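Hi everyone, thanks for coming. Let me put the model up on the screen, and then we can walk through it together.

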Number of protein chains: 2
Amino acid sequence: MEIYRDSHDRALTDYPRPSVAVDTAVLTVPPGGELSALLVRAGAGVGTGTGTGTGTAWRLPGTFLHEGELLADAVLRSLRTKAGVSGLSPRQLHVFDDPARDNRGWVLSVAHLDVVPWPSLTIDESLAKVVPVADAGALPYGHNDILDQAVATLRTRYAAAPDPAGLLEHPFTLRQLQHLHETVAGEPLMRDSFRRAMEPQLAATGELAAGTVGKPARLFSGA
Amino acid sequence: MEIYRDSHDRALTDYPRPSVAVDTAVLTVPPGGELSALLVRAGAGVGTGTGTGTGTAWRLPGTFLHEGELLADAVLRSLRTKAGVSGLSPRQLHVFDDPARDNRGWVLSVAHLDVVPWPSLTIDESLAKVVPVADAGALPYGHNDILDQAVATLRTRYAAAPDPAGLLEHPFTLRQLQHLHETVAGEPLMRDSFRRAMEPQLAATGELAAGTVGKPARLFSGA
DNA sequence: CAAATAGTGTCTTTTAGACACTATTCG
DNA sequence: CGAATAGTGTCTAAAAGACACTATTTG
């Protein structure tokens, strides 16, 4: 490998390097529930921003980046290890770079968002829990900021497409889709406008929902 | 400092760590010109993704993160060193984490956007140049992607506010503001709609522009 | 049948686009 | 004065909101 030197004649490897970690806001919507996030117990010795460890604190799952590993793979690894979650697509949100953030040294943390359909989220309840984002409380090390940014990103995504994160099982009715959007947005939506906005983006299966009160709704298969 | 150990009983400092760099899309609008970006010569030995150095290649300015330094400070340092630019506010765009990106080793690069008013951009022409983004050509190491994302971010910001990056000198007329918006958006905007959207967000100084052809326009002072 | 929900039609309000007309300056 | 630009009013078209009415199911 070629060695480049900078203006002070130092090779690349002569520079001190930060540890790099990932912290992830895992968002989901339980059936009939609110927009929720996955939290893990702080102080387990894995992840960033562990702090002095009160023992009862919760935090977003995270881990250190391994050599040559992609950030997205580190996110998936941390979730697999802690929550048995698989098949996801993490997105970067922001890099937290305050040198004093972590008392173990110089650690950069790349915050991520990962949206997980409820059925894919099987957690070890001794290590993790899923709580409505409104009830997350105060999290250490700026994790509330990550959560806020994650929710904002999710809302932006759902404002533009019917179900970009695949939170709904197919097929679904317009009512189910609207309920999901209201849960994500955190506010009620108008039936007429929602219909007008969504119907052109959906493909009807030709089937009808059965077993419900009222006129059976048409089923859609997503995009 | 307390030492935490992970599940393999390795202390934090035992992990291999990546070098971290910043690469910045510096955008500006020259008077009467197009939306433009700052490029520097590749192969100077500073920054990431230098490659084998053809000698004629151009790239976005970048540098390695120094110990304990904030990413934004590294961006400002790299711009100060290379272009005499000061007084800016870099924003993170994305972390490039392909382990094979840089032939000098494992380097993460945090892409940034920095929007600079033309008068603040005094460059050393032997090291750097400012070219319309449309004429940037093929840049190495995904820098075109950074540029695209930077332009998209800038457009989003200007769709929401009159002059979020302070590209216009105060006071300004509505026509000047519209011209700026058209330059940023890359397409003509309608006079009526633009007026309706912007006027409520502006504060008139009470003064009028002088020395121009036509009825003198009211001057505004921004937010 | 009553209650509940789906689907459709239509009216109103709001917003965006188009355009016309007046006002004021420079050359 | 004529060309150029600013500012305002108004007409029209499109989009969003509101609401009524019909259709079809469960209990």
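Let's begin with a definition: a salt bridge here is a side-chain nitrogen of Lys or Arg within 4 Å of a carboxyl oxygen of Asp or Glu. Before I use it, some housekeeping. This is a predicted model, so local features need pLDDT of at least 70 and side-chain atom pairs count only at pLDDT 80 or more, while totals for chains, interfaces and linings use all residues. Residues are numbered from 1 along each chain as its sequence is written, chains are lettered from A and ligands numbered from 1 in the order in which they are written, and side-chain values use heavy atoms, with hydrogens and water left out.

So, how many salt bridges are there over all chains? The count comes to 12. Let me show you a few.

Please look at A:Glu199 and A:Arg218, whose side chains form a salt bridge with N and O 2.4 Å apart. A:Glu199 sits in the loop between α4 and β8 (204-208) of chain A, and A:Arg218 is in strand β9 (residues 218-220) of that chain, so the pair ties together parts that are 19 residues apart in sequence. A word on those labels: helices (H or I, at least four residues) and strands (E, at least two) are DSSP runs, numbered from the N terminus.

Are these two partners buried or exposed? I call a residue buried under 20% relative accessible area, exposed over 50%, and partly exposed in between, using a 1.4 Å probe and the protein chains only. A:Glu199 is partly exposed at 27%, and A:Arg218 is also partly exposed, at 39%.

Now over to chain B, where B:Asp23 and B:Arg101 make a salt bridge, with their closest N and O atoms 3.7 Å apart. Here B:Asp23 belongs to strand β1 (residues 19-28) and B:Arg101 to the loop between β5 (91-96) and β6 (107-115), so this pair links parts that are 78 residues apart in sequence. Both B:Asp23 and B:Arg101 are buried.

Another one in chain B joins B:Glu199 to B:Arg195, at 3.7 Å from N to O. B:Glu199 is partly exposed, with a relative accessible area of 28%, and B:Arg195 is partly exposed at 36%. Back in chain A, salt bridges with shared partners connect A:Asp23, A:Arg59 and A:Arg101 into one network.

Next, a helix. α2 of chain B covers residues 143-160, which makes 18 residues, and spans 26 Å from its first C-alpha to its last, close to the 26 Å expected at 1.5 Å a residue. That expected span is 1.5 Å times one less than the number of residues. Which of its residues are buried? Among them are B:Ile146, B:Leu147, B:Ala150, B:Val151 and B:Leu154. Seen down the axis of α2(B), the buried residues fall within an arc of 135°, so they line one face of the helix; the arc is that of the directions from the helix axis to the C-beta atoms. On the other side, B:Asp148, B:Thr156, B:Ala159 and B:Ala160 are exposed.

Finally, the DNA. I count a residue as near a strand if one of its heavy atoms lies within 4 Å of it. There are 20 residues around DNA strand D, and A:Met190, A:Asp192, A:Arg196, B:Arg175 and B:Arg195 come nearest. You have met B:Arg195 already, in the salt bridge with B:Glu199. Of the strand D atoms within 4 Å of the protein, 62% belong to sugar or phosphate and the rest to bases.

For polar contacts, I mean pairs of N or O atoms within 3.5 Å; within protein, one must be able to donate a hydrogen and the other to accept it, and residues adjacent in sequence count only if both atoms are side-chain atoms. A polar backbone atom of A:Gly214 is 3.0 Å from a base oxygen of strand D, and B:Arg218 places a backbone N or O atom 2.7 Å from a phosphate oxygen of strand D.

What about DNA strand C? It has 19 residues around it, with A:Arg175, A:Arg195, B:Met190, B:Asp192 and B:Arg196 nearest. Sugar and phosphate make up 64% of the strand C atoms that come within 4 Å of the protein. The side chain of B:Asp192 has an N or O atom 2.2 Å from a base nitrogen of strand C. Which element gives the most to the surface near strand C? α4(B) does, with 4 residues. Near strand D, the largest share, 4 residues, comes from α4(A).

Thanks for listening!
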